[in-house]
Amino acid sequence: MSVRKTVGVLGGFGPAATVDFFDRVLKATPASRDQDHLRLIIDNNPLAPDRNAAIAGTGPSPGPALAAMAQGLERAGADFLVMPCNTAHAFQAEIEAATRLPFVSLISETVKATRAERPDARRVGVLATSGCLTAGLYPKAFAAEGVDTVVPEGELLERFMTLIYAIKAGDTGPAARAEMAAIGQALVDQGAQALIAGCTEVPLVLGAHDAAVPLISSTDVLVARTVAYALGEPLPVR
């Protein structure tokens, strides 16, 4: 019988997305009693500097804060690390340099899941923040797999960023849902054969039934891999 692993979660980017991730992990874990659930150690730290501003060169880097969080989770007993924020993966190298623990890349796992679920897709739409796009996290990862990406640009990106910050402020009502669906449809209209919810606030207002093409949620991908790794599946090699 495999030994369960303790999950260390670098959270707070934003807090609602972290809560959503935790809730989905609970629901995805096969459990009939408390003791069947996984042990998660969550550092919910929304005080880390804004990652989008840092990537844009207009604010300090959250790298040192993320590194300190990783070290704290290691000391607390985590066996591996996850981070339910796509944009913050621009600072993955600093996290990995600060700890010996395996770090599960949300970006890599989402690209793998997309290729497995939609092997025929040659062009995917990525709903991601300006920082995530500037860092090239998804375009580079998909390009390595021979897949083209369509992303929000110009006025569409401005609409997306305004919506993301509204969601962070608690607006998940019908208007927010309709706006996210419209932005996703704009990428479909540009030829996207699948949509990637490449920001963990997106699933708070957009579900599979809201998209005209298959929707791959980075949150759900990370949830599935977190549960699998915690229950004994071999972790990625650093």
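What follows is a chat about a predicted model, covering three of its helices, a cavity and a few loop residues.

User: Before we start, what kind of model is this, and how are residues numbered?

Analyst: This is a predicted model, in which local features need pLDDT of at least 70 and side-chain atom pairs count only at pLDDT 80 or more, while totals for chains, interfaces and linings use all residues. Residues are numbered from 1 along each chain as its sequence is written, and side-chain values use heavy atoms, with hydrogens and water left out.

User: OK, helix 3 then: how many residues does it have, and what is its reach?

Analyst: Helix 3 covers residues 63-76, which is 14 residues, and from its first C-alpha to its last it reaches 20 Å, close to the 20 Å expected at 1.5 Å a residue. Helices here are DSSP runs of H or I with at least four residues, strands are runs of E with at least two, and both are numbered from the N terminus. The expected span is 1.5 Å times one less than the number of residues.

User: Which of its residues are buried?

Analyst: In helix 3 the buried ones are G63, L66, A67, M69, A70, L73 and E74, where buried means under 20% relative accessible area, exposed means over 50% and partly exposed is in between, using a 1.4 Å probe and protein chains only.

User: Why do they end up on the same side of helix 3?

Analyst: They cover an arc of only 160° around the axis, which puts them on the same side of helix 3; the arc is that of the directions from the helix axis to the C-beta atoms. As general background, an α-helix has 3.6 residues a turn, so residues three or four places apart point the same way. P64 and R75, on the other side of helix 3, are exposed.

User: And what covers the buried residues of helix 3?

Analyst: The cover includes strand 1 (7-11), strand 2 (40-44), strand 3 (80-82) and helix 4 (92-98), with contact meaning heavy atoms within 4.5 Å. Helix 3 is followed by G77, whose phi is positive, near 115°.

User: Switching to helix 9, which residues are buried there?

Analyst: The buried residues of helix 9 are A176, M180, I183, G184, L187 and V188. They cover an arc of only 150° around the axis, which puts them on the same side of helix 9, and on the other side P174, A175 and D189 are exposed.

User: What covers that buried side of helix 9?

Analyst: What covers the buried residues of helix 9 includes strand 4 (123-127), strand 5 (148-150), helix 8 and strand 6. After helix 9 comes G191, with a positive phi near 105°.

User: Is helix 10 mostly covered or mostly open?

Analyst: Helix 10 is mostly covered, with 11 of its 13 residues buried, including S218, V221, L222, R225 and Y229. Helix 10 spans residues 218-230 and reaches 18 Å between its first and last C-alpha, close to the 18 Å expected at 1.5 Å a residue.

User: How many cavities of 30 Å³ or more are there?

Analyst: The count comes to one cavity of 30 Å³ or more, and the largest cavity has a volume of about 70 Å³. On a 1 Å grid over the protein atoms alone, a cavity is a set of points where a 1.4 Å probe fits but cannot get out, and lining residues have an atom within 4 Å of a point. Grid points are joined across faces, edges and corners, and a volume is the space filled by probe spheres set on the points.

User: What lines the largest cavity?

Analyst: It has 14 lining residues, and the closest to its centre are R51, T87, T129, C199 and E201. Helix 8 gives the largest share of the lining, three residues.

User: A88 next: where does it lie, and is A88 buried or exposed?

Analyst: A88 lies in the loop between strand 3 and helix 4, and at 1% relative accessibility A88 counts as buried. Not counting residues up to four places away in sequence, A88 touches R51, L66 and M83.

User: What about G198?

Analyst: G198 lies in the loop between strand 6 (195-197) and strand 7 (215-217), and G198 is buried, with a relative accessible area of 1%. Beyond residues up to four places away in sequence, G198 touches N86, L127, A128, C132, Y138 and S218.

User: Last one: which peptide bond is cis?

Analyst: The peptide bond from F13 to G14 is cis, with omega near -5°, and G14 is placed in the loop between strand 1 and helix 1 (15-28).

Key. 1 Å grid on protein atoms, 1.4 Å probe; cavity = no way out; pocket = protein on both sides within 12 Å on 5 of 7 lines; lining within 4 Å.
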